[in-house]
Amino acid sequence: MSQERKVIILTGANSGLGFEALKQLIQHSTPYHLILAVRNVTETEKAISALTIPSQHSIEISKLDLSSFTSVKSFAQGLLTRDPILPLNILILNAATVKSKLSTTEDNLETTFQTNHLSYFLLINLLLDRIKWSSEQQNKLESFNSRIIFVNSSLHKPGEGHNKIGPKLEIENLDGSKGYDSMLFYKNTKLAQMLFFYQLNKLLEEEKDEKKKISIFAIEPGFVPQTELARESPSYVKLLMKYILPFASFTRTPEQGGAVIVYAATSPELEIAI
Ligand SMILES: NC(=O)c1ccc[n+]([C@@H]2O[C@H](COP(=O)([O-])OP(=O)(O)OC[C@H]3O[C@@H](n4cnc5c(N)ncnc54)[C@H](OP(=O)(O)O)[C@@H]3O)[C@@H](O)[C@H]2O)c1
């Protein structure tokens with residue numbers, strides 16, 4: 001693999017906004033090595049077989065199940081040990097889930113909370129030094145800090161979304177044992193992620209070495225009904241999402257949502273603004 005390619009890790013690249021972001025990234029003339037970090041490698045191979053990958057880019061698919069800390073550790077260790085000078089330039093934390101019913105992971109945690117928030121917390125902690133090092137290396141060539149993109153949602157804010165309720169992070173009910181509401185728990189994960197985002201930003205601002213600085217962004221792709229996020233919803237919701245809501249003025253197309261992710265991950269304008 002050419003060291004001149006910027007390395008991008010994209011979680012959840014096989015469907016929805018992640019797949020859209022992938023389609024747009026491979027249109028760039030800047031060469032990328034894309035690491036598609038996904039739960040289902042076979043499905044991802046199928047999805048990308050429909051794409052023509054221009055020769056300046058390279059792609060690899062790597063197993064990452066965010067509902068398992070073992071999987072997160074093994075993914076991170078794989079990256080760190082296989083090549084001590086593999087740069088990690090852009091980390092796009094896109095994958096997330098909405099669970100219709102309360103479920104628990106192998107780590108005995110509520111699935112949404114672990115998948116959408118805790119596993120990213122762990123992943124960033126494991127990769128942070130390498131991401132900083134990559135900033136230093138990249139800044140020798142051009143002004144480009146490594147970036148971490150949190151694909152968040154306006155639903156992390158109070159009074160947003162379908163029922164104007166939540167989020168409400170209750171420490172004593174993180175496991176859902178005192179009551180579970182699918183959308184409320186999803187919103188809570190996005191709020192938890194934002195709290196982590198602000199704390200991480202604060203810590204990174206204290207980094208003394210300018211060249212090792214990392215740029216982090218939390219973005220809202222807009223309401224995009226034509227993804228698989230509602231896959232566990234009742235049939236009437238799925239029908240609404242597929243056939244009615246795409247025509248509403250307040251929704252976005254997958255292309256528009258994917259473009260927000262790609263802009264945050266790659267645009268030079270954001271580099272200057274920092
Ligand atoms: N669509 C919207 O209106 C909207 C609005 C605001 C924010 N967002 C955010 O946008 C991001 C992408 O969502 P989307 O709408 O594109 O939904 P999507 O089509 O359902 O895509 C979600 C992706 O996450 C992956 N994923 C789920 N559980 C996983 C796990 N345990 N380990 C690894 N990957 C896992 C899925 O993989 P599998 O296919 O293997 O399940 C899929 O690739 C999410 O962070 C979501 O919160 C979406």
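Q: What share of the exposed area of the chain do carbon and sulfur atoms supply?
A: This is a predicted model, where local features need pLDDT of at least 70, side-chain atom pairs count only at pLDDT 80 or more, and totals for chains, interfaces and linings use all residues. Residues are numbered from 1 along each chain as its sequence is written, and side-chain values use heavy atoms, leaving out hydrogens and water. Areas come from the Shrake-Rupley method with a 1.4 Å probe, and for residues only the protein chains shown count as cover. The chain exposes about 13,500 Å², and the share from carbon and sulfur is 55%.

Q: In what order do the helices and strands run?
A: Helices (H or I, at least four residues) and strands (E, at least two) are DSSP runs, numbered from the N terminus. The chain has eight helices and six strands. Starting at the N terminus, they go β-α-β-α-β-α-β-α-β-α-β-α-α-α.

Q: What is the radius of gyration of the chain?
A: The radius is taken over C-alpha atoms, and the globule rule is 2.2 Å times the number of residues to the power 0.38. For 274 residues, a compact globule would come out near 19 Å, and the chain agrees with that at 18 Å.

Q: How many of the residues in helix H1 are buried?
A: Buried means under 20% relative accessible area, with exposed over 50% and partly exposed in between (1.4 Å probe, protein chains only). H1 covers residues 16-25 and is largely enclosed by the rest of the structure. Leu17, Phe19 and Leu22 are among its buried residues, and the cover includes E1, E2 and helix H7 (254-266). The count is seven of the 10.

Q: Which element gives the largest share of the largest nonpolar core?
A: A nonpolar core is a set of buried Ala, Val, Leu, Ile, Met, Phe, Trp, Tyr and Cys residues joined through side-chain atoms within 4.5 Å. The largest one has 32 residues, and Ile9, Ile124, Ile148 and Phe150 have the most contacts inside it. Elements supplying at least two residues each include strand E1 (6-11), helix H4 (111-141) and strand E5 (146-151). The largest share, seven residues, comes from H4.

Q: Which residues is Ile124 in contact with, leaving aside its neighbours within four places in sequence?
A: Contact means heavy atoms within 4.5 Å. Ile124 is one of the residues with the most contacts inside the largest core. Its partners beyond those neighbours are Leu91, Leu93, Ile148, Phe150, Phe196 and Leu200.
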